[in-house]
Amino acid sequence: MRTSRLEAFSDGVLAIIITIMVLELKVPEGNTFADLRHATGKGLLSYVLSFVYVGIYWNNHHHMFQLARRVTGGVLWANLGLLFCLSLFPFTTAWMDESDYARFPVLLFGVNLLAAACVYNVLQWVVIGAHGPESPLRQAIGADLKGRVSPLLYLVGILCAQFVDPHGRLGVVIASGCYILVALIWIVPDRRIGRVAREVDSPD
């Protein structure tokens with residue numbers, strides 16, 4: 001299978017995920033900012049965070065497959081695993097919002113983020129395995145510091161949501177801060193892959 005078919009399918013699934021999330025937002029009954037704040041509450045902020053995450057995965061998925069030349073069965077299943085984790089975003093985002101950022105929904109959102117990050121790393125290494133240790137993708141990711149740090153921050157957020165100030169809001173605030181911090185780390189697509197992709201396309 002050519003990578004273009006896998007990318008097209010993945011793009012379609014991600015577009016549906018974003019559409020489902022925006023449909024969860026409630027339309028205000030009035031026409032003032034106060035009506036918007038009352039109708040959506042924190043829902044709009046939750047949507048923005050999840051939208052940014054979907055955008056991050058879309059960007060990095062696109063960059064990854066710029067350096068891929070073939071798709072194996074393992075790549076297909078790993079990609080489906082990533083799409084499964086991302087498809088849970090509308091559910092975990094909506095529950096977190098409707099519960100007013102209660103402890104367990106925030107924890108579950110973190111588990112969803114952690115699962116997606118782990119499966120993305122699996123996909124990345126399966127793609128590398130299909131192309132060999134000297135592949136351009138392997139050279140591009142290098143030590144992959146961001147890929148190593150992100151799951152740790154998710155785990156810190158999950159543990160804080162569970163154990164820090166269980167009867168208050170401090171653990172939830174720390175967990176939310178960890179999730180936002182990872183999004184900020186990844187908001188700029190991985191420049192290493194873009195640089196190697198340009199070198200591969202223009203070897204001279």
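# A walk around the model, starting at K42

Select K42 and show what surrounds it: leaving out residues up to four places away in sequence, K42 touches D97, D100, Y101 and R169. Touching, or contact, means heavy atoms within 4.5 Å. Before you click on, note that this is a predicted model, where local features need pLDDT of at least 70, side-chain atom pairs count only at pLDDT 80 or more, and totals for chains, interfaces and linings use all residues. Residues are numbered from 1 along each chain as its sequence is written, and side-chain values use heavy atoms, with hydrogens and water left out.

**Stop 1: K42 and its loop**

Stay on K42, which sits in the loop between helix 2 (33–40) and helix 3. Helices here are DSSP runs (H or I, at least four residues), numbered from the N terminus. K42 counts as partly exposed because its relative accessibility is 37%; buried means under 20% relative accessible area, exposed over 50%, and partly exposed in between (1.4 Å probe, protein chains only). Now add L25 to your selection: its C-alpha is 9.9 Å from that of K42, and the two are 17 residues apart along the chain.

**Stop 2: D100 and Y101**

Next, pick two of the residues that K42 touches, D100 and Y101. D100 lies in the loop between helix 5 (89–98) and helix 6, and Y101 is in the loop between helix 5 and helix 6 too. What is unusual about the backbone here? Most residues other than glycine have a negative phi. D100, though not a glycine, has a positive phi of about 60 degrees, and Y101 has a positive phi near 55 degrees. Buried or exposed? D100 is partly exposed, with a relative accessible area of 42%, whereas Y101 is buried at 12% relative accessibility.

**Stop 3: N121 in helix 6**

Jump to N121, which is in helix 6. N121 counts as buried because its relative accessible area is 18%. Which residues does N121 touch? Not counting residues up to four places away in sequence, they are D144, G147 and P151.

**Stop 4: helix 4, inside and out**

Select A78 in helix 4. A78 is buried, at 11% relative accessibility. Leaving aside neighbours within four places in sequence, A78 is in contact with V119, L123 and V126. For a long jump, show L45: A78 and L45 are 33 residues apart in sequence and 30 Å apart in space, C-alpha to C-alpha.

Now try L80, also in helix 4 (residues 73–87). L80 is partly exposed, with a relative accessible area of 39%. Add F9 and W77, and you have the nonpolar surface patch of about 380 Å² that these two make with L80. A nonpolar patch joins Val, Leu, Ile, Met, Phe, Trp or Tyr side chains within 5 Å, from residues with over 30% relative accessible area and no salt bridge (a side-chain nitrogen of Lys or Arg within 4 Å of a carboxyl oxygen of Asp or Glu). The areas come from the Shrake-Rupley method with a 1.4 Å probe.

**Stop 5: helix 9, two sides**

Finish with residues 170–186, which form helix 9. Colour its buried residues: G171, V172, A175, S176, C178, Y179, V182, A183 and W186. They lie on the same side of helix 9 because they cover an arc of only 150 degrees around the axis, taken from the directions from the helix axis to the C-beta atoms. What covers them? The cover includes helix 3 (43–66), helix 6 (103–131) and helix 8 (145–163). Then look at the other side of helix 9, where V173 and L184 are exposed.

Note on methods. Patch = residues over 30% accessible without salt bridge, like charges linked within 9 Å, V, L, I, M, F, W, Y side chains within 5 Å. Helix = DSSP H or I, 4+ residues; strand = E, 2+ residues; numbered from the N terminus. Expected span 1.5 Å × (residues − 1).
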